[in-house]
Amino acid sequence: MRGVFAVKLGDDRLAVVNAGPRQERRALGIIGCGAVVQTYYTKVLPLVAFPGERLVFDTNESAARRAAYALKASIASMDQILTRCGTVIIATPPSTHYQLIKTCLELGINVVSEKPFVGKRVQACELLELAVTREATLHIAHLRRYYPSVQLARSIIMSEVLGRVVRLAVVEGNRFSWQVQTAYVTSDSMGGVVFDTGSHALDMALYAARLDDVECFMNVRRVVRDRPEPSHTIDAEFSVSTTGGEIPGRLRLSRFASLANRIRIYAESGYVEFSTDLRNSLRLGGPSGSSVVYALQRYTDPMQCFLIQYRDLFLGRAYALEGRHFVNLTALLETIAGYVDGTSNG
Amino acid sequence: MLMVRQMARVAVLGATGFVGMQLVQALAQRQHDITALCRASGSFLLDGKGIRVLATNDAYRVGDVDVVVNLAYPSGGPSYSRKTQNRDIARLVAALASRGARVVHVSSLAVFGYDLEFPITLGPIRIRRDYEYIESKIHMEYLLERMLPSTDLRIVRLGNVWGPASPAWTAKMIDRVRFGDPIGVQGIDGFSNVTDIANAVSYLTLMVESTQRSGTSFHHLAEFSAIPWRFWLERIAAVLGTGLFELKERPAYGTGMTDDFRWARATLSPRPLLGQLWRGRVTGSWLRSVAAVSPRWALRRIQIPGSKLALEVPIGRDTTDVNLLTILTTKRQFPNRLDPTWEQPVNLEESWSAVNQWMNEAGYFD
């Protein structure tokens, strides 16, 4: 594939790209060198064998320099990333994901996008089709899918020992302490707690309840938030309609204070409850009581899950992270974020 | 009669932390003129609370103040840069207090060791090699004492800060109870050495408002220090309808370099071994010191990303877990040393009641 493409950068500038043939593009590129790259990628990527060179790009030059230093990578322009990379990791603010993923896929570049995927279901479907057309892969990095408690919860639900899933309760709140490089959390429509914390917590719930890879329709009944998007607290009642029936759920999120930080999946004959934090166990309950079930794996640092996620991605076996598994999540986030009637000043 | 300062101009560093957020709101409610200094990325947490918020980089805009409260702790960047970050914070505190302001510095009981194994004295602590958090807390006390010799400096060492939404203790303990992590050792009933957040805020408010001047003074606050952890944990377990998971033996708490090497030797490959030494109480301190003065090219060669990643961690063997279990089973009580004019606003039952109410509101019982 060779051709000239006009690429829209985050700050509305246009870059003209002359893409080389796919087989010549062997480098790994990272677009965006903010908090997630500084916190996770710089520690984990050096441990993952990748044969080609590494290139990084960020509009903030000092952030790019720091990431390049830690990753033993070269600072590159957007043009160079798109012409020399066979795989690109996108770690920019969420509202730029759609355009950047689309640009990469159009050039046949494999993409790993940091969560959240994109803001709208229709965009997610369009990008998935584009990936198929251009024979590129599209994965979304969701490290919490690798938490032992989440894997264990999913396996219990899959075993059907508890019967059909009937209700979801998702609660996560922590004082915001993420050292973001830009002000997107307070100014970007996709910078609110729904797409930020909510994309993590809801994905854990949908994945564990096996609602990530079935046809679903999302409905929202009520949303109360502290302010219009980007909001910092949210309390939403939603439902997931599947062929098996309607599954109601409640989502509570906060950036101001600690909440219970738990996900409970109710099924016909019991429930599984697990933490939104890294845990190696969960609570399995039923009408006669509950008990703790421990996973065989035991991790003590989310970095370990991050490493396993990237090991799987580079080995081509990260099936759970394929883009198609995040369409339902995107639809649910879009529905909740777009629900405006319940906006309050509380 | 207690003399209370009216309308003080107060600068608070670390205002978006758990204690900081509650303190600035309490001070603002008492009509003090508050300037909160925090990281730019978290400043929105104080929006709409009638508090002037400045990013740390804009500290030069603060102007004259009567009191500087320091709650800042260097939590970002590599662990070997903590002392450099401490110096930056201490210089900022000194600059803000340069026109005679009082300084209230919030420290921790951890300066006496996680097991409180060092003599608890109401005075300065000698610099020593220790776990990263402890070393950093001691270093900050030492810096402020040295940089502010003639200032009214009040160093308040808080106990384990408990109460509604306390992320480090209440929320963490509830999670450990819910998900079956060990929360103690059979037959050992450790002192909780707890201070309730409402009491801590009240005491710090007194430190801000007091009109009496002094040189450097030390205060120890853990009003519920005599209460055993079991008191809190059994109540949590009762409302959650769960049991408590206790180990049979107390995990070995590292007290010196011999322990560090003994634990490191148990790992078989170089990377986890180096990681274990890096987290060791004394070896870690030495390695951080070496790293802090090493040229960047050398650091790049010896960086140990992944030192944790391949480590096998049976229950009760992870360093963080061991230190927590040490705190939960300590047989030493952190004695209160308080300003006699302080009146404790929250008693034990009120403290538990607030936690219980918060558990209801925070979504533990859906």
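**Close-up 1. Salt bridges and polar contacts join chain B to chain A.** In this predicted model, three salt bridges (a Lys or Arg side-chain nitrogen within 4 Å of an Asp or Glu carboxyl oxygen) link chain B and chain A. One salt bridge pairs B:D321 with A:R298, whose closest N and O atoms lie 3.8 Å apart. Between the two chains there are also 12 residue pairs in polar contact, both at pLDDT 80 or more; such a contact is a pair of N or O atoms within 3.5 Å, one able to donate a hydrogen and the other to accept it, and residues adjacent in sequence count only if both atoms are side-chain atoms.

**Close-up 2. Here is the whole meeting of chain B and chain A.** Contact (heavy atoms within 4.5 Å) involves 42 residues of chain B and 45 residues of chain A. About 3,600 Å² is buried between them, 50% of it on carbon and sulfur atoms; this is the accessible area (1.4 Å probe) lost on being put together, summed over both parts.

**Close-up 3. Strands β1 and β2 of chain B run in parallel.** Residues 9-13 (β1) and 33-38 (β2) of chain B pair over five bridges, where pairing needs at least two DSSP bridges and strands are DSSP E runs of at least two residues. In β2(B), B:A36 is the bridge partner of B:V12.

**Notes.** Residues are numbered from 1 along each chain as its sequence is written, and chains are lettered from A and ligands numbered from 1 in the order written. Local features need pLDDT of at least 70, side-chain atom pairs count only at pLDDT 80 or more, and totals for chains, interfaces and linings use all residues, while side-chain values use heavy atoms, leaving out hydrogens and water.

Notes
Helices (H or I, at least four residues) and strands (E, at least two) are DSSP runs, numbered from the N terminus. Buried area is the accessible area (1.4 Å probe) that two parts lose on being put together, summed over both.
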